[in-house]
Each structure stands twice: as C-alpha cells, then as structure tokens.
Amino acid sequence: MNFDWTLRRMQRAVKRQPAPLVALGGAFALLVLLMGAARVVSQIADSVLPRLAENVHVIAYLRDDMTADKAQALAEIVSRVPGVERVRAVDSAEALARLRAEAKSMGGVAEFLDGVEEGFLPRSLEVRLQATTSLSERAVALAERLRRIPGIAEVDAMEDGLARLRSVLGLLRGLGWSLFGLAVVAGVAVLVLPLVQGRQRRQQEVAVLTLLGETPAGIRRPWALAGGLSAVAGALSAWLVLWLAHLTLSSSLAAVLGSWVPGPLPFVAWHEMLLATVVALFAGFWIGQRAMPSLKGRYV
Amino acid sequence: MRPRLPLPNTPPARPSGLYSQIDSEAANTSTMMAVLRLEDVSCARHGRTVVDRVSLSVAAGQVTLVRGARGAGKSTLLGIAAAAIRPGAGSVIIGGRDILALQSSSLPFVRRNVGYLPPEPPLVNDESALENVMLALAVRGHDVISAQSSSIDSLRAVGFPEAATHVPVGDLSWGERRLVAVARAMVGSPPLIVLDEPAAGLDADDREAVAMAMGVAQSMGSAVMCGSADPSFAALLTQAGAEIVELEGGRLVGGPRMTVLRGDRVTPVPPEDGAAFAVVPPQASAEQDLDEADLVDEDDEDAWSRSGKR
C-alpha cells in the first residue's frame with residue numbers, strides 16, 4: 001500500500017473507528033495534564049517551602065555556666081551537623097530585646113518587661129535548618145541530639161510551627177502521590193484502551209488485508225500513523241489547556257497562597273514540551289501499530 | 001430489487017506485467033502458459049486426508065471448474081491454489097514459482113496476484129461496497145482514481161446494484177455481500193482467480209452475471225479456478241467452455257486430470273482424445289516468462305519499485 005493509500009486508509013480509520021484513536025489522544029492529554037499539574041505543585045512547593053522554613057528554628061537554651069566563648073564553640077559544632085543552614089548564638093540581652101520588640105508588636109504589653117533584668121533570659125543557640133520536605137522530621141531529630149549535649153539546658157523545636165508545617169507538607173505530598181497515582185492510571189489507559197478497542201474493531205480489516213496480500217508493515221502503517229497523530233493531538237491540546245489555565249488561574253492562586261509567585265509562561269520549559277510531544281508521537285506510533293489483532297499464522 | 005448497473009461496453013484495459021509475455025505468445029498459438037500448477041498436493045486436517053495427491057494445472061485464459069460433493073475437498077484444494085492454505089506435501093507453483101519454497105514474508109506478494117473468494121469471505125462491514133473492492137487494488141499499488149473506476153466496473157460486471165455501491169457492507173443483504181466479495185476477487189483481472197462457491201445464495205440473474213464476469217476475466221487472460229456444487233451454475237460454466245475436474249474423497253476422479261512437468265506448457269486438446277491437455281515440449285521455461293517482480297521478497301523493495309507495481 002503506497003503513501004496515498006496509507007493516508008486514505010488512515011483518514012477512513014479515523015472516520016469509521018474514532019473510539020480507539022480518541023481514547024489514545026485523550027489518554028495522552030490526561031498524562032500531559034497530570035505532568036503539568038505535578039509541575040505546578042512542584043513549583044508551588046519550591047516557592048512556599050523556603051518561606052515556611054524561614055520561620056522554623058530549633059532553639060537550644062544554654063545553661064547559666066556556659067560562657068560566651070563556649071557558646072560560640074558549641075555553635076561552631078552544631079553548624080557542621082548535616083542539614084543545618086545557620087547557627088546563631090543569642091545572648092540574654094539580645095533575647096530580651098527581641099522579646100520586648102515582639103511584645104510591642106503584639107500591642108502595648110512591652111511595659112510589663114521594663115523591670116526585667118538584663119541577664120534574666122538565658123543565652124541560646126538559634127539553629128536554622130535547610131528548607132527541604134523533611135524539615136520537620138530533621139528538626140525533631142536535631143532537638144533530640146541537642147538535648148544530649150552537656151551545657152544545653154532545654155531545647156525548643158517549635159513543635160506547634162512544625163506541626164503546621166508537617167500538615168502543609170503532608171497535603172503537598174498527598175497531592176503529589178494522588179497525581180502520581182492518576183498518572184499511573186492514565187499510563188495504563190494509554191496502553192490498554194486503544195489496544196483492546198483496536199484489536200476488537202480491526203479484526204475484519206486485518207482478515208481482508210491479509211487475504212488480499214498486504215504485508216504486515218502495510219497493514220500496520222495507517223494505524224501507526226493515526227496513533228502517532230492522535231497522541232500528538234492529545235498532548236498539544238493538553239499543553240493548550242495548561243497554558244490557558246496558567247493564564248487565568250495563576251494570579252488567583254498566588255493570592256491564595258500568598259508567598260507563591262507564578263512563573264512566566266510557558267511554565268514548563270520549551271524543550272520539555274517538545275520532548276514530551278515527541279515521546280507522545282513515537283508512543284502513539286507504537287501503540288497504533290499494535291492496536292490490531294495478531295498476524296501470527298496469517299502468512300503460513 | 002435494486003436496478004443493476006449496466007455492463008461495461010468495453011472490457012477494462014489489461015494490466016501490464018505478468019500478462020505481457022502471455023499475450024505475445026497466446027495471440028499466435030493456442031499454447032497457454034500454466035499460471036497455476038499443483039503437483040501431487042496432499043493436505044490433512046485433524047488427522048484426515050482432505051486432499052490426496054492432486055495434480056492439475058490452470059492456464060492463462062482458462063476457466064477450470066472443480067466439482068464434488070460436500071466434504072470432497074474442494075474448498076481445501078481451492079485454498080491451497082490461492083496460497084491461503086499450506087499443503088502437507090506436494091508443490092504449488094504459481095507464476096512458475098513453487099510458493100512452498102518461498103519465505104513467509106514473500107507470501108503477501110503471491111497473494112496480491114491471486115483474486116481469491118474463500119467460502120466465507122471477510123469484508124470490512126463499516127466500509128462501502130466500493131471501498132471493499134478498491135482495497136484489492138490498493139494492495140496492488142494502483143492509484144486511487146483508477147482503482148475506483150476499475151472497482152465500479154467490477155461491481156457492474158457481477159451485477160451489483162448501482163444504488164448500493166456506497167452503502168456499508170454491513171447493511172447489505174447476504175447475496176449482495178457475496179457479489180461484493182466476487183467483484184473484489186475479480187477486480188483488475190489478476191493473473192489467477194480462485195472462486196469458492198461464487199454462486200452460493202445468489203438468484204438466477206446474479207448467477208448468470210457472475211458466470212459472465214468470469215468469462216470476461218477469462219478473456220482478459222486470467223486463469224480462473226472455481227469450485228461449485230451448484231449444478232445450474234456448473235452448467236452455465238460448462239456451456240461457456242469451462243474445463244471440469246471432479247473431486248471425490250480428496251482425489252481427482254474425473255475431468256481433465258493431468259500431470260504437467262515443471263517448465264512445460266499445456267495445450268488444450270479435443271476431448272475425444274481422452275485427455276483435456278497435452279504436454280508439449282517447452283520453448284522456454286515458464287519461470288522465464290513471468291514477471292519476477294510478482295514474487296519478490298518484501299525486503300527487496302527496490303526490485304518491487306523497479307517493476308512499477310508499487
């Protein structure tokens with residue numbers, strides 16, 4: 001079957017049996033949509049996490065007998081612990097000043113601290129951790145280690161803040177896993193739906209073409225072409241949907257999340273879009289040419 | 001009943017290639033080249049011998065009718081002749097090549113030179129009658145316009161109703177579907193046409209039209225082999241000069257039984273001589289007369305392109 005006939009057979013296949021091709025295109029569209037959604041979630045997580053992490057500190061209160069030099073030496077040691085971004089030694093005067101500033105910002109109770117002596121508050125180490133998804137777990141683990149160090153009287157791992165952070169991260173993690181699960185389902189649908197539908201619907205045509213002397217390659221070619229083009233059409237329509245969604249929803253999403261700044265369009269890099277579309281084309285070719293009954297035993 | 005298409009006034013142009021050698025020689029002599037030769041062909045199915053050491057030959061421009069009771073082995077023999085069934089023993093020589101010696105990848109190139117109507121012909125139900133017939137020419141590499149015109153002629157020739165040309169095959173009656181399958185087997189006058197019960201389920205007019213179409217294919221130089229248990233259809237073909245072979249229990253028991261040696265030519269001789277054909281010494285081997293490109297391997301795409309068939 002020459003190229004003209006291949007195109008004609010492909011057009012007629014699309015017209016007569018659109019279901020397998022629509023399934024193929026739809027499944028690829030879903031896959032790309034999920035990929036795009038996962039990318040958006042990842043961008044939000046990348047943007048939100050450091051801001052959350054800024055407010056998470058592990059504070060180690062030092063015993064009264066710890067001198068400033070000893071405190072500085074301990075800060076050096078703690079700063080070398082993996083995952084620790086910065087350690088700062090805070091003396092009692094600075095701690096009091098901070099407390100006053102905070103009390104003032106909360107509204108007119110700073111006067112109650114006027115009579116507090118300079119050395120009332122203990123010296124402390126303020127440990128800031130690197131922003132990663134396991135931030136809260138690492139904070140708790142670090143607090144445990146710090147409690148065992150001589151010279152440290154008490155450790156505050158900001159359990160309340162960490163609990164909130166854990167819930168946010170859990171939400172993002174759950175969303176990520178849901179998207180992954182959906183992508184797996186979509187991937188299975190990409191493979192199974194068109195294959196099953198094509199095999200059921202193309203029995204007659206394969207029987208006719210093998211009888212008439214068409215080669216296996218000639219039988220597969222129109223369906224491979226239709227499969228590839230359907231997959232690309234599905235992928236491109238999904239990119240369009242994601243693009244439009246980004247245009248219309250990003251500003252409201254940024255307002256809700258507060259700290260999230262939407263990236264410029266396209267939110268997925270051009271080379272990634274091109275790669276995904278080319279992968280869809282070849283996967284569509286592959287699926288299209290296998291979405292037909294077996295040719296085994298037909299050329300014996 | 002739908003109105004019939006008028007028969008074409010002039011037969012369609014004969015395709016080039018395999019016919020070119022046949023034309024030049026058959027025009028001057030009564031000698032004909034054997035397009036199909038079966039030599040000692042046997043075939044067993046489920047432990048039962050269905051075809052038993054059958055040898056026969058069908059020449060270009062000849063119609064051979066295979067008769068026999070149900071279970072005589074007609075369909076299996078015709079399937080073997082059409083390269084659709086592989087026999088257990090013997091040789092099946094189409095266009096001078098023993099197809100059993102070919103690789104399976106070459107088999108499609110043999111099949112596209114054979115117009116075959118199996119007992120239950122597969123059709124694409126959601127395609128039109130015309131498109132179903134055109135598929136045979138699509139496989140042979142004809143362009144779309146000429147394929148359409150030849151297919152309409154072929155449908156006309158078998159008496160297919162004009163109004164149903166563009167109707168999906170799934171919506172046609174049983175008889176109309178049969179006519180579509182017959183038209184597909186005969187479209188483009190392939191070198192070998194093998195028809196298994198072409199008149200089954202057809203009314204008298206349709207049977208006559210099919211018999212006439214077979215006559216047209218014969219006059220175009222096709223070798224036609226037809227199996228039928230229908231006495232009235234057999235009578236039509238006999239009147240039109242078809243040779244008759246009789247099968248019983250898988251063996252040839254009557255008619256122009258013959259043995260043709262590889263490379264020989266066969267000539268029809270008067271029936272009173274007791275044989276339908278005489279073996280004549282070869283002028284040249286049959287293999288040399290054939291278009292090599294008709295049987296090229298799929299891998300040899302260049303050879304196929306050179307032949308102008310694709």
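Two strands pair if DSSP finds at least two bridges between them. Helices (H or I, at least four residues) and strands (E, at least two) are themselves DSSP runs, numbered from the N terminus. What you have open is a predicted model, where local features need pLDDT of at least 70, side-chain atom pairs count only at pLDDT 80 or more, and totals for chains, interfaces and linings use all residues. Residues are numbered from 1 along each chain as its sequence is written, while chains are lettered from A and ligands numbered from 1 in the order in which they are written.

**Stop 1: strand β7 of chain B**

Select residues 192-196 of chain B, which make up strand β7. On one side, β7(B) pairs with β6(B) in the parallel sense over 4 bridges. Look for Val114(B), which stands opposite Leu192(B). Now add residues 223-227, strand β8 of chain B: 5 bridges join this strand to β7(B), and the two run parallel. Here Leu192(B) stands opposite Ala223(B).

Is β7(B) mostly covered or not? Mostly covered: 5 of its 5 residues are buried (20 or more other C-beta atoms within 10 Å of a residue's own; 12 or fewer is exposed, in between is partly exposed, and C-beta atoms are placed from the backbone). Turn on side chains and you'll see Leu192(B), Val194(B) and Asp196(B) pointing one way, with Ile193(B) and Leu195(B) pointing the other. In a regular strand the side chains alternate between the two faces of the sheet.

**Stop 2: over to helix α7**

Show β7(B), α7(B) and β8(B) together: they make a right-handed β-α-β unit (with the strands pointing away from you, the path from the first strand over the helix to the second runs clockwise).

Next, pick α7 (residues 204-219) and α8 (residues 231-239) of chain B, whose axes come within 10 Å and cross at roughly 35°. Axes are lines fitted to C-alpha atoms, for helices over the stretch in contact, and angles run from 0 to 180 degrees between N-to-C directions. The contact (C-beta atoms, placed from the backbone, within 7 Å) is made by Arg207(B), Glu208(B) and Ala211(B) of α7(B) with Ser232(B), Phe233(B), Leu236(B) and Leu237(B) of α8(B).

**Stop 3: the buried helix**

Select residues 129-139 of chain B, helix α4. Because 11 of its 11 residues are buried, α4(B) is largely enclosed by the rest of the structure. What covers its buried residues? The cover includes α1 (3-16) and α7 (203-212) of chain A, together with β6 (114-117), α5 (144-157) and α6 (174-186) of chain B. Just after α4(B), find Gly141(B), whose phi is positive, near 90°.

**Stop 4: where the chains meet**

Color by chain. The contact takes 18 residues from chain A and 24 residues from chain B. On the chain A side, α7(A) gives the most, with 7 residues.

**Stop 5: the antiparallel sheet**

Back in chain B, 4 strands form an open sheet in the order β2-β1-β4-β5, with antiparallel pairing. The edge strands are β2 (48-59) and β5 (97-98), each pairing on one side only. Helix α2 (residues 74-81) packs on the sheet, touching β1, β2 and β4 of chain B, and its direction makes about 130° with that of β1(B). To look inside the sheet, select β1 (residues 34-45) and β4 (residues 89-94), joined by 5 bridges. Arg37(B) stands opposite Ile93(B) there.

**Last stop: zoom out**

Show the whole of chain B, with its 10 helices and 12 strands. Of its 310 residues, 50% count as buried.

Note on methods: Contact = placed C-beta atoms within 7 Å.
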